[in-house]
Amino acid sequence: MVAIGNSDLDIFPLALGGNTFGWTSDEPTSFEILDAFAAGGGNFVDTADSYSAFAEGNSGGESETVLGNWMASRGNRDHMVIATKVSQHPEFEGLAPANVRAAAEASLKRLQTDHIDVYYAHFDDADTPLVDTLGAFDELVRDGLVRHVAISNYSPERIREWLSLTAENGFAAPIALQPHYNLVHRHDYEPEVAAIATENGLGVFPYYSLAAGFLAGKYRTQADLDGQPRQRMATRYFSETGLAVVDALAGIAETHSAEISTIALAWLLTRPGITAPIASASRLEQLPALLDAPTVTLTASEISRLTTLSDAIGA
C-alpha cells in the first residue's frame, strides 16, 4: 500500500479506471470486475461525473451510478477510496463555484455516499477565476462532502498558481495530480509537472496509462482498431517508433512470464513521482494483468531499453 501524497489515504498501487462502467462494461460485468479488483487487494477507483457522456445513448454519470450501486450492494464503502471529477458533465460544465457545489452533490447522490475521498478539477476553466474555484473546493472540504482535492489536466503554470493561491488563502491543499502519461506520451508530465509533483509531495495518477489499449499489444495494425470502441483514442499512438515500444514490451513480458500491459504499467511505477497508474478493464479476464504490475520488478537494463525507445517517439 502507498499513501496519496501527504494525505492519510493508503491505496493499492494500481488504480482501477471507472470509465468503462456503463459504457464498454454493462453493470453485471462491471460488478464482476470490481469484485475481483477488491478481492485482489485493490481499493482505489477513479471515475468522473462525465463518464460516459461521450458514448452514444449515455448522458453522463453512468460510471458513478454503477460504482454507487456496487458499493451499496456490497456494503463496502468504508473499504474503498473513491475519486471523481467535476467540469465536464453536460449539465455541470465548468468550475464556477455554484456549479462545483451542484456537481458534487449530484455525484454524491449517484455514488450513494456522503463524501468523496478525492475530488478533481477535471479540466481548467479559463472563464472562472481560479481563486473562486479553489474557494468552492475548500468549502466542500470544510462541509465534509469532500476529503481531499486534486488537479487533472492543468498546465504547469496553472498548477503553480493553484498551489500559490492555496498557500495565500489557507485553502485545502491538493494531494494529487492526474496527467496524461505513458510510454508513448510523456510531454504532459515530463519534465515540468514531474518536478512540481516531487517538490510538493503530490501523488501522481497517470491516465491513458496503457494508451487506450495500444500498450497492451491489442492493436498491431490499423486494421486491428477498425470498429473498436477505443479506435479514435488509440489511433493517435500509432507510429513505427510506437510499435517498437510495443515489441520491446512483448519481449520483456515473455522474460517475466507476464502480460504486455503488466510491463507497461510496471515501467510507469519506476518513474519519478508516480503513485499508481490508472488502468481500466472492460472484461474480467483483463484485470489480473493490471493487478500484477506492482509485483513485477524490471531490471535496470529493461527500464533503460523501454525509456530509450520511448525517447525516440518524442511525444
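At what angle do the axes of helix α9 and helix α12 cross? Keep that one in mind for a moment, and let me set the scene.

Okay, hi everyone. What you have in front of you is a predicted model, so please hear everything I say in that light. The chain has 315 residues, and it's built from twelve helices and twelve strands. If you lay the C-alpha trace along its principal axes, you get spans of about 50 × 40 × 35 Å. The radius of gyration is 19 Å, and a compact globule with 315 residues would have one near 20 Å, so the two agree.

Right, back to the opening question. Helix α9 is residues 240-255 and helix α12 is residues 300-311, and their axes cross at roughly 165°, coming within 9 Å. Angles over 145 degrees count as roughly antiparallel, so that's what α9 and α12 are to each other. The crossing of α9 past α12 is left-handed. And who's touching whom? On the α9 side we have Ala 244, Val 245, Ala 248, Leu 249, Ile 252 and Thr 255, and on the α12 side Glu 302, Arg 305, Leu 306, Leu 309 and Ser 310. Sort the residues of that contact by class and you find seven nonpolar, two polar and two charged.

Let's move to another pair, α4 and α5. Helix α4 covers residues 130-142, helix α5 covers residues 156-169, and they pack at an angle of about 60° with their axes 10 Å apart. So here the helices are oblique to each other. This time the crossing, α4 past α5, is right-handed. From α4, the contact uses Leu 130, Val 131 and Leu 134. Facing them from α5 are Arg 158, Glu 161, Trp 162, Leu 165, Thr 166 and Asn 169. The class split for this contact is five nonpolar, two polar and two charged.

One more helix pair, I promise. Helix α2, residues 62-74, packs against helix α3, residues 97-111, at an angle of about 45°, and their axes are 7 Å apart. That makes α2 oblique to α3. Glu 64, Thr 65, Leu 67, Gly 68 and Met 71 come from α2, and they meet Ser 107, Arg 110 and Leu 111 of α3. By class, that's three nonpolar, three polar and two charged residues.

Now the strands. Which strands sit at the edges of the open sheet? The sheet has eight strands with parallel pairing, and if you walk across it the order is β11-β10-β9-β8-β5-β4-β3-β12. The edges are β11, at 203-204, and β12, at 278-279, each pairing on one side only. Let's zoom in on one pairing: β5, residues 81-86, runs parallel to β8, residues 116-121, and four bridges link them. Thr 84, for instance, has Tyr 119 in β8 as its bridge partner.

Last stop: a few backbone oddities. As background, most residues other than glycine have a negative phi, and most peptide bonds are trans. Where are the cis bonds I'd like you to look at? One runs from Tyr 51 to Ser 52, with omega near 0°, and Ser 52 belongs to the loop between β4 and α2. Another joins Glu 190 and Pro 191, where omega is about -5°. Pro 191 is in the loop between β10, residues 174-178, and α6, residues 192-200. And then there's Tyr 208: not a glycine, yet its phi is positive, about 50°. You'll find Tyr 208 in the loop between β11 and α7, which is residues 222-225.

So, if you're opening the model for the first time, try starting at the α9 and α12 pair, crossing at roughly 165°, then walk the sheet from β11 across to β12, and finish at Tyr 208 with its positive phi. Thanks, everyone!

Notes:
Residues are numbered from 1 along each chain as its sequence is written. This is a predicted model: local features need pLDDT of at least 70, side-chain atom pairs count only at pLDDT 80 or more; totals for chains, interfaces and linings use all residues. Side-chain values use heavy atoms; hydrogens and water are left out. Axes are lines fitted to C-alpha atoms, for helices over the stretch in contact, and angles run from 0 to 180 degrees between N-to-C directions. Helices (H or I, at least four residues) and strands (E, at least two) are DSSP runs, numbered from the N terminus. Angles under 35 degrees count as roughly parallel, over 145 as roughly antiparallel, 65 to 115 as roughly perpendicular and the rest as oblique. A crossing is left-handed if the near helix is turned anticlockwise from the far one by less than a right angle, and right-handed if clockwise. Contact means heavy atoms within 4.5 Å. Ala, Val, Leu, Ile, Met, Phe, Trp, Tyr, Cys and Pro count as nonpolar, Asp, Glu, Lys and Arg as charged, and the others, Gly among them, as polar. Two strands pair if DSSP finds at least two bridges between them. The radius of gyration is taken over C-alpha atoms; the globule rule is 2.2 Å times the number of residues to the power 0.38.
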